[in-house]
Amino acid sequence: MKILMILTGGTICTTAGSNGHRSADTDTVKSVMLERLIHEYPQYKDVEIDSVVALNTLSENMTIAKLNQLIEVLQAQSYVAYDAVFIGHGTDTLHITAPLISMLFKGMDIPVFMIVSNKGLEYEEANGISNMGRSLEYVESGIKPGTYVVYRNSDGISYLHKGERLMECSDYSEDFFSLPDRVPEVDAPAEKPLLNRIRKLNDSVLIVKPYAGIRYDRYNLDGVKAVLHGTYHSYTLCTEGQSETSAVYLFDKCKEAGIDFYLSPCNGEEYTYTSTETLLTRGACPLYGYTIGGAYAYLLIKYADYY
């Protein structure tokens with residue numbers, strides 16, 4: 001078995017300073033990671049793992065520029081000799097990068113596993129090596145191509161998530177869960193996967209999340225090509241009136257500027273409230289079945305530059 005491991009940083013690749021605060025130190029940690037893997041999973045001592053450092057960042061510091069740097073590294077690799085790709089990442093923005101990678105690799109004949117850890121690897125309770133070892137088990141079992149996250153929750157159970165279904169880790173929790181419903185899939189062009197077609201992502205998608213007291217006149221739309229507006233659990237948001245406290249205000253500004261407007265999650269065929277209807281009848285585009293991170297990844301790809 002031969003694995004290509006692309007490292008970007010994240011908690012799994014951090015070390016603690018003298019004050020106990022952690023920072024990304026990917027070059028230092030990658031050898032420790034492999035040593036611990038062989039120690040805890042000796043059955044994989046003969047597995048060949050080629051490692052490439054794409055980034056050295058905490059995932060909360062991920063930017064569009066860094067995602068483009070990761071994409072360039074992924075495009076530069078040859079995958080013919082490998083049984084799987086492992087991408088080391090942090091947990092904070094995993095819910096964005098995992099669906100993004102899932103969409104980019106769709107149509108390729110190799111599985112991809114996002115490798116993360118809840119704590120630094122020097123801690124006995126860290127789940128990073130377990131997540132990596134279990135990922136190797138899935139590769140060995142012949143799992144079909146796709147993007148996956150293997151993650152051991154606080155209940156001690158390791159769960160297999162599809163990358164495009166992964167939800168953001170909840171507040172005050174280190175556990176990950178997935179959407180139970182089927183997630184829409186991005187069709188890969190017949191000629192080649194998106195990874196081989198995309199030139200760069202653009203910083204042109206604005207996410208707006210609803211909250212009581214929101215003021216839409218405080219949002220700057222310069223350089224924005226698409227607004228992704230979140231909804232409450234009933235696919236609702238404030239659309240009362242046309243003042244700056246109503247999403248209608250933002251929608252009209254977007255329409256005037258030629259900016260596309262999306263609602264997510266929103267089932268355009270099954271909704272209950274007139275607040276939702278107000279924007280849909282005006283032309284807002286509903287996105288259903290995505291997490292907010294997945295919807296964002298989808299729009300980043302939709303509004304990317306291509307060769």
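Me: In this predicted model, where is the place of Pro265?

Reply: Pro265 has its place in the loop between β12 (260-264) and α6 (274-282), in a model that is predicted. The peptide bond that joins Ser264 and Pro265 is cis, with omega about -5°.

Me: How should I read whether a helix such as α3 is buried or exposed?

Reply: A residue counts as buried when its relative accessible area is under 20%. In α3, twelve of the twelve residues are buried, so the helix is largely enclosed by the rest of the structure. Among these buried residues are Leu94, His95, Pro99, Ser102 and Phe105, and what covers the buried residues of α3 includes α2 (64-75), β5 (84-88), β6 (112-115), β7 (147-152), β9 (198-200) and α7 (292-302).

Me: What span should the twelve residues of helix α3 have?

Reply: At 1.5 Å a residue, the expected span of α3 (residues 94-105) is 16 Å, and the C-alpha atoms at its ends are 16 Å apart, which agrees. After α3 comes Gly107, which has a positive phi, near 100°.

Me: β7 was named as part of the cover of α3; which way do β6 and β7 run, parallel or antiparallel?

Reply: β6 and β7 run parallel and are joined by three bridges, with Val112 standing opposite Thr147 in β7. Together with helix α4 (residues 128-140), these two strands, β6 and β7, make a β-α-β unit that is left-handed. As for its surroundings, β7 is mostly covered, since five of its six residues are buried.

Me: How many bridges join β7 to strand β8?

Reply: Five bridges join β7 to β8 (residues 158-162), and these strands run antiparallel; Tyr151, for instance, has Tyr159 in β8 as its bridge partner. β7 and β8 form a hairpin with five residues between them, and Gly156 in the turn has a positive phi of about 85°.

Me: Which value does phi take in Tyr172, a residue other than glycine?

Reply: Phi of Tyr172 is positive, near 60°, and this residue lies in the loop between β8 and β9. Tyr172 is exposed, because its relative accessible area is 89% and the cut-off for exposed is over 50%.

Me: And is Tyr235 buried or exposed?

Reply: Tyr235 counts as buried, because its relative accessibility is 18%. Its phi is also positive, near 65°, and Tyr235 lies in the loop between β11 (226-230) and α5 (247-257).

Me: Finally, where is Gly20?

Reply: Gly20 has its place in the loop between β2 (14-16) and β3 (22-24), where it is partly exposed, with a relative accessible area of 42%. Gly20 and Lys45 are 25 residues apart in sequence, and in space they are 32 Å apart from C-alpha to C-alpha.

Notes. Residues are numbered from 1 along each chain as its sequence is written. This is a predicted model: local features need pLDDT of at least 70, side-chain atom pairs count only at pLDDT 80 or more; totals for chains, interfaces and linings use all residues. Side-chain values use heavy atoms; hydrogens and water are left out. Helices (H or I, at least four residues) and strands (E, at least two) are DSSP runs, numbered from the N terminus. Buried means under 20% relative accessible area, exposed over 50%, partly exposed in between (1.4 Å probe, protein chains only). The expected span of a helix is 1.5 Å times one less than its number of residues. Contact means heavy atoms within 4.5 Å. Two strands pair if DSSP finds at least two bridges between them. A crossover is right-handed if, with the strands pointing away from the viewer, the path from the first strand over the helix to the second runs clockwise.
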